[in-house]
Amino acid sequence: MSEEQQEVLVQSGDQVLVTAGEYKGELAKVISPYTNSISIELEKRDADGTKPRTVLRHSEYELVEKA
(Lines give C-alpha, C1' and ligand atoms only; values in the text may rest on other atoms or scores of the structure.)
Protein backbone atom coordinates (compact mmCIF):
# COMPACT_ATOMS: atom_id res chain seq x y z
CA MET A 1 0.00 0.00 0.00
CA SER A 2 1.20 3.48 -0.72
CA GLU A 3 1.34 6.07 2.05
CA GLU A 4 -1.82 7.76 0.72
CA GLN A 5 -3.76 4.47 0.83
CA GLN A 6 -2.68 3.23 4.27
CA GLU A 7 -5.52 2.53 6.64
CA VAL A 8 -6.14 4.87 9.55
CA LEU A 9 -4.36 3.40 12.57
CA VAL A 10 -5.24 6.07 15.13
CA GLN A 11 -8.52 6.62 16.96
CA SER A 12 -10.06 9.46 18.94
CA GLY A 13 -8.20 9.92 22.21
CA ASP A 14 -4.86 8.50 21.03
CA GLN A 15 -1.75 10.56 21.74
CA VAL A 16 0.52 11.52 18.83
CA LEU A 17 3.81 13.37 18.35
CA VAL A 18 3.76 16.00 15.60
CA THR A 19 6.72 15.41 13.24
CA ALA A 20 6.25 18.25 10.73
CA GLY A 21 4.97 21.79 10.42
CA GLU A 22 4.40 24.63 12.87
CA TYR A 23 3.87 22.34 15.89
CA LYS A 24 6.74 19.91 15.22
CA GLY A 25 7.87 18.18 18.43
CA GLU A 26 4.59 18.83 20.29
CA LEU A 27 2.39 16.16 21.85
CA ALA A 28 -1.26 16.18 20.84
CA LYS A 29 -4.49 14.25 21.38
CA VAL A 30 -6.48 12.96 18.39
CA ILE A 31 -9.93 14.52 18.17
CA SER A 32 -11.06 12.68 15.05
CA PRO A 33 -9.37 10.49 12.39
CA TYR A 34 -10.20 10.94 8.69
CA THR A 35 -9.21 9.07 5.52
CA ASN A 36 -6.31 11.39 4.60
CA SER A 37 -5.74 13.28 7.86
CA ILE A 38 -6.51 13.64 11.57
CA SER A 39 -7.69 16.57 13.67
CA ILE A 40 -5.72 17.14 16.87
CA GLU A 41 -5.71 19.25 20.02
CA LEU A 42 -2.27 20.15 21.33
CA GLU A 43 -1.34 19.63 24.98
CA LYS A 44 0.26 23.07 25.37
CA ARG A 45 -1.91 26.13 25.88
CA ASP A 46 -1.83 29.42 23.98
CA ALA A 47 -1.38 32.76 25.75
CA ASP A 48 -5.17 33.12 26.06
CA GLY A 49 -5.44 29.73 27.82
CA THR A 50 -6.97 27.71 24.96
CA LYS A 51 -5.47 24.56 23.48
CA PRO A 52 -4.67 24.99 19.77
CA ARG A 53 -6.34 22.62 17.30
CA THR A 54 -5.21 21.75 13.79
CA VAL A 55 -5.37 19.08 11.08
CA LEU A 56 -2.39 16.87 10.11
CA ARG A 57 -1.77 14.55 7.19
CA HIS A 58 -0.88 10.98 8.17
CA SER A 59 2.77 11.62 7.24
CA GLU A 60 3.04 14.47 9.79
CA TYR A 61 2.71 12.55 13.06
CA GLU A 62 3.77 9.40 14.93
CA LEU A 63 1.54 7.44 17.29
CA VAL A 64 2.82 7.66 20.88
CA GLU A 65 0.10 6.01 22.94
CA LYS A 66 -3.24 4.30 22.22
CA ALA A 67 -6.27 5.51 24.18
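Is D14 buried or exposed? D14 is buried, at 1% relative accessibility. Buried means under 20% relative accessible area, exposed over 50%, and partly exposed in between, with a 1.4 Å probe and protein chains only.

This is a predicted model, where local features need pLDDT of at least 70, side-chain atom pairs count only at pLDDT 80 or more, and totals for chains, interfaces and linings use all residues. Residues are numbered from 1 along each chain as its sequence is written, and side-chain values use heavy atoms, with hydrogens and water left out.

**Exercise 1. State how many salt bridges the structure holds, then place the K66 and D14 pair.**

Step 1. Fix the criterion: a side-chain nitrogen of Lys or Arg lies within 4 Å of a carboxyl oxygen of Asp or Glu. Side chains of opposite charge can pair when their charged atoms come close.

Step 2. Count. The structure holds 3 salt bridges.

Step 3. Take K66 and D14. Their side chains form a salt bridge at 3.4 Å, N to O. K66 sits in the segment after strand 5 (61–65), and D14 in the segment before strand 1 (15–18), so the pair ties together parts 52 residues apart in sequence. Strands (E, at least two residues) are DSSP runs, numbered from the N terminus.

Step 4. Check exposure. K66 is partly exposed, at 43%. D14 is buried, at 1%.

**Exercise 2. Find which strands the salt bridge of R53 and E41 ties together.**

Step 1. Get the distance. The side chains of R53 and E41 meet at 3.1 Å, N to O.

Step 2. Assign the strands. R53 belongs to strand 4 (residues 53–57) and E41 to strand 3 (residues 37–42), so the bridge links parts 12 residues apart in sequence.

Step 3. Add the accessibility. R53 is exposed, with a relative accessible area of 59%.

**Exercise 3. Describe the surroundings of E60, starting from its salt bridge.**

Step 1. Name the partner. R57 and E60 form a salt bridge at 2.9 Å, N to O.

Step 2. Set out the exposure. R57 is exposed at 52%. E60 is buried at 15%.

Step 3. Locate E60. This residue lies in the loop between strand 4 and strand 5.

Step 4. List contacts (heavy atoms within 4.5 Å). Leaving aside neighbours within four places in sequence, E60 touches L17, V18, T19 and A20.

**Exercise 4. Locate K24 and give its contacts.**

Step 1. K24 is in the loop between strand 1 and strand 2 (27–33). K24 is exposed, at 59% relative accessibility.

Step 2. Beyond neighbours within four places in sequence, K24 contacts V18 and T19.

Step 3. Add a distance. K24 and Y61 are 37 residues apart in sequence and 8.7 Å apart in space, C-alpha to C-alpha.

Terms used: Helices (H or I, at least four residues) and strands (E, at least two) are DSSP runs, numbered from the N terminus.
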